[in-house]
Every structure is written in structure tokens, then in C-alpha cells.
Amino acid sequence: YGAFIELSPGVEGLIHVSEMSWTKRVKHPAKVVDIGDDINAIVLDIDQDSKRISLGMKQVEPNPWSLLEQKYPVGAVIRGQVRNITDFGIFVGIEDGIDGLVHVSDISWTQKIKDPKEVFNKGDEVEAIVLKIDQQNEKFSLGIKQLEASPWESFEREHRVGTKVKGKVTSIVDFGVFVELEPGIEGLVFNNDLSADGEASRDGFKVDDEVEALVVSIDAAEQKIALSIRAIEDREAREIIERNAAQARSQTATLGDRMPRELLEQIRNQEED
């Protein structure tokens, strides 16, 4: 659990294994020091009652984590090698003993990556952007997908609520139908938005069916798009009614304009006769 250091004859201090390095996880002090080594240390605590002196080796040098925010501000682009791969992401080497984590959710905007090992290998060189540095908890967060503009935000800019879109059915679930609008971008049509028949109409859809729908809502941050096929039917019906109503108004206005002139002409003819 540490190394005892002779400070003066009969007086020793302990450097706990956790106080030997800022960045390395020292499993055994023999990996860092040998008996007889002369070292520099800082006195951390003196307990006179227990006659214990706590020392620290790593405190002789500045904490590299305190310098990271200056060297790698949020938004900076870094390049490093993949040092480790886990189920939840990849660790990229930043400096000696300091790795940054690219969480699986920050690898791609559109790909649903279940296992990062299918995409990366140890030793791969990758480029990433700095998302956050937590000095207190010694966590360095990176993102790969953030190097490119979010296609969800692009979709949101180009498709306002009420826009008609086309896509293919990718899956049918208990609560609705998922439709792929662009590669990797899906929208959800809930059961009550499929048609006037509600849930029963879900059985009328198959995977790869091409459908048209209206955009009901877009949340680019949450990567969610709500669609409605029923609204298409309703809107088309409204458009037909509005068109017919406009045509009827136009015909009525034309007839109304003509009748007074015809009556006036009849009156003039009668007067002339």
C-alpha cells in the first residue's frame, strides 16, 4: 500500500500508493521506487498522537489535470491512438497516463453502434473534439461525431413542422411505425397518427413500404421526429373543401356582379320601348 521513507534516524514517513503519481494507477510501489532510492516528497500530514507522517510524491509536480483545460479547451480538436475499447466507448491517449473517453453515443450521429469493437481496434489513430474536462473526477470527454454538423439539425432547418415528407417503413412496434426519412434519420408515426382507424391500421403497414407523412414535431437535440400520416389525409380533405369553397365564392361573386348589369339593361330597354 505504499513506501516508507526515512526522514531522519528513527523517523519515517509513508507515501501511500495513491500519492505516487497523478496519472498512473500504481498497483505496487515497487513499480515506482526501490529500497535505497533518494526521493523528493511533500509533507501532507503529521499525526503526533499516532506518530505518523504522510508524504506525497506526486505533489512535488503540478497536477497535469489542472493544466489540461488550458492546453485542450472545449472545442479543440485532438488526435490520438485508441488505447482501450469497452462496451460503452473508446479511450484515446491524450498524454502519458491521461486518456480521453469517446462515449458510444458520441461516435456517430446516425449509426446505432452497439459494440465499439466493431468499428475500432487498439492502436487506431482517431481525431476527436474536446467536449468536457472534469478535473476533480479526472474525466476527459471527447466526441467524434461532433467533428461534423448534426444531420438532425440540418433536417430541422430544412423541414419545418407541417412539411410533407416521404420515407420507407423500417420497423413496426406496438406503439407505432418507424419511417426512415434520410440515411440514419427516422421519424415515428404513433398509432393514433396512422389513420382514422387508429391502432388497427398498424397492421396495414409492412417494412419497406413507402409512405408520405407530415412533420408534427422535431427535437434535434433528442434526435426525435414525430410524424403523422393521418394529418396528410386530413389536410388533403381540408384543401379540397377549401378549394371548392373558394370556387363557389368566386362563382357566386361573378353571378352577383353580372345580375345587376343584366337587370339594368332590361330596365333601360323597357324605358326605351
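1. A good place to start is the pairing of strand 10 (residues 164-173) with strand 11 (residues 176-182), which is antiparallel and runs over five bridges. Please keep in mind that this is a predicted model. The two strands make a hairpin, with two residues between strand 10 and strand 11. If you would like a pair to look for, serine 171 has phenylalanine 178 of strand 11 as its bridge partner.

2. Moving along the chain, strand 11 also pairs with strand 12 (residues 185-190), again in the antiparallel sense and over six bridges. Here glycine 176 lies opposite phenylalanine 190 of strand 12. The hairpin of strand 11 and strand 12 has two residues between its strands, and glycine 184 in this hairpin adopts a positive phi near 85°.

3. Now to the surface, where Glu153, Glu156, Asp219 and Glu222 form a negative patch. One of these residues, aspartate 219, belongs to strand 13 (residues 210-219). Its relative accessibility is 35%, so aspartate 219 counts as partly exposed, and patches take residues with over 30% relative accessible area and no salt bridge.

4. There is a nonpolar patch to look at as well: Ile42, Leu44 and Val60 make a surface patch of about 220 Å². Isoleucine 42 sits in strand 3, which covers residues 42-47. With a relative accessible area of 33%, isoleucine 42 is partly exposed.

Methods:
Residues numbered from 1 in each chain as written. Predicted model: local features only at pLDDT ≥ 70, side-chain atom pairs only at ≥ 80, totals over all residues. Heavy atoms only, no water. Patch = residues over 30% accessible without salt bridge, like charges linked within 9 Å, V, L, I, M, F, W, Y side chains within 5 Å. Areas by Shrake-Rupley, 256 points an atom, 1.4 Å probe, with all protein chains shown as cover. Salt bridge = Lys/Arg side-chain N within 4 Å of Asp/Glu carboxyl O. Lys, Arg positive; Asp, Glu negative; His and termini not counted. Charge placed at Lys NZ, Arg CZ, Asp CG, Glu CD. Helix = DSSP H or I, 4+ residues; strand = E, 2+ residues; numbered from the N terminus. Buried < 20%, exposed > 50% of the residue type's maximum accessible area, 1.4 Å probe, protein only. Pairing = 2+ DSSP bridges.
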